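Visitor: I have a structure open and would like to go through it piece by piece. Could you start with whatever term I need for reading the strands?

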Amino acid sequence: MTFETITYETEGPLAWITLNRPGKLNAITQRMVSELNSAMDMAQRDDDIRVILVKGAGRAFSAGFDLEYDANSNITEELHADFDLIMRFWDSPKPTIAAVHTYCLGGALELAVACDITIAATGCRFGEPEVKFGSGIVAMILPYVIGPKRAREMLLTGNDRISSGQAERWGLVNRVVKPERLVDEARTTAMEIARNDPHAVRITKQALNTTFEIGRMRDALRHALDLDIAIETTETDESRLFNDILKKHGARAAIEWRDRQLDFTGQVKRHDSE
């Protein structure tokens with residue numbers, strides 16, 4: 001199969017999926033969503049494959065889902081497709097490993113976290129900046145991984161400058177290695193898994209997932225997706241102006257415009273009870 005936005009390669013018992021839009025920091029388009037699903041299908045059908053790895057080509061893992069929606073597209077359908085893609089890596093009967101570098105933001109962070117193991121290069125930036133763009137979270141998986149307090153801090157501030165070290169301390173990633181060691185470390189970890197009994201690995205992963213999902217995690221994620229759809233499909237005066245600036249002048253200009261709407265004079269306003 002020929003792909004435009006990813007590459008798919010096998011290496012013994014390993015399947016390597018590479019996000020391949022380096023000029024766009026591997027921003028995930030609907031074409032990439034479709035091709036990632038096809039690559040996952042190929043890996044699942046191949047009895048020789050025991051572990052699936054995902055990485056990014058060029059300067060970054062991924063800056064997240066592409067902000068440029070097609071005006072003729074169905075946003076609700078696209079968000080469901082995005083959600084289902086992220087959860088494929090969680091649900092995959094074959095273990096999944098993400099090897100991330102430089103930028104791992106938004107939906108790309110959710111995809112990496114949904115993998116069984118996430119290995120990061122030093123100098124990586126993690127974050128979920130969706131609220132800055134008036135968007136929501138496609139897969140609300142973070143509270144289950146890093147806890148509610150840290151998830152609230154990340155998601156409500158839109159922090160997109162979490163370092164590799166902080167990500168490791170918070171449990172966003174399993175470990176951090178030098179950039180030149182990233183692929184080798186992911187390969188070594190994958191081979192450690194591949195050497196084990198595949199039936200035992202598959203059932204153990206199923207048991208791990210059920211440990212979360214038996215507490216209705218899946219229902220909570222679906223509910224959060226419904227709320228994300230409400231965010232994406234509701235237009236306000238502020239969101240309309242923000243999106244106009246975003247389309248004409250880019251993300252930085254739009255965020256700077258929003259910041260200017262707030263009073264950052266630093267002056268304390270008194271509210272006397274008299």
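Guide: Two strands count as paired if DSSP finds at least two bridges between them. Please keep in mind that this is a predicted model.

Visitor: Fine, so take β3 and β4. How many bridges join them, and which residue in β4 does Val54 stand opposite?

Guide: Strand β3 and strand β4, the latter covering residues 96-100, are joined by 4 bridges and run parallel, and within β4 the residue opposite Val54 is Ala98.

Visitor: Is β3 buried or exposed?

Guide: Strand β3, residues 51-56, is mostly covered, with 6 of its 6 residues buried. Val51, Leu53 and Lys55 point one way from the strand, while Ile52, Val54 and Gly56 point the other way, and all of these are buried.

Visitor: And what about β2, how does it run relative to β3?

Guide: Strand β2, residues 14-19, runs parallel to β3, and 6 bridges join the two; in one of these pairings, Trp16 has Leu53 of β3 as its bridge partner. Between β2 and β3 the chain passes through helix α1, residues 30-45, and this β-α-β crossover is right-handed.

Visitor: Switching to helices: at what angle do α2 and α9 cross?

Guide: The axes of helix α2 (residues 75-91) and helix α9 (residues 217-233) come within 10 Å and cross at roughly 150°. Angles over 145 degrees count as roughly antiparallel, and α2 and α9 are therefore roughly antiparallel to each other. The crossing in which α2 passes α9 is right-handed.

Visitor: Which residues meet there?

Guide: On the α2 side they include Leu79, Phe83, Met87 and Trp90, together with charged-group names you will recognise such as Asp84 and Asp91, and on the α9 side they include Leu221, Leu225 and Ile229, along with Arg218, Arg222 and Glu232.

Visitor: Back to strands. What is the order in the sheet that holds β7?

Guide: That is an open sheet of 3 strands in the order β5-β7-β8, with mixed pairing. Its edge strands are β5 (103-105) and β8 (162-163), each of which pairs on one side only.

Visitor: In what sense do β5 and β7 pair?

Guide: Strand β5 pairs with strand β7, residues 125-127, in the parallel sense over 3 bridges, and Tyr103 has Arg125 in β7 as its bridge partner.

Visitor: Which helix lies across those two?

Guide: Helix α3, residues 107-114, lies across β5 and β7, and it runs at about 95° to β5.

Methods
Residues numbered from 1 in each chain as written. Predicted model: local features only at pLDDT ≥ 70, side-chain atom pairs only at ≥ 80, totals over all residues. Heavy atoms only, no water. Buried < 20%, exposed > 50% of the residue type's maximum accessible area, 1.4 Å probe, protein only. Right-handed = clockwise from strand over helix to strand, strands pointing away. Axes fitted to C-alpha atoms, helices over the stretch in contact; angles between N-to-C directions. Parallel < 35°, antiparallel > 145°, perpendicular 65-115°, else oblique. Left-handed = near helix turned anticlockwise from the far one by under 90°. Contact = heavy atoms within 4.5 Å.
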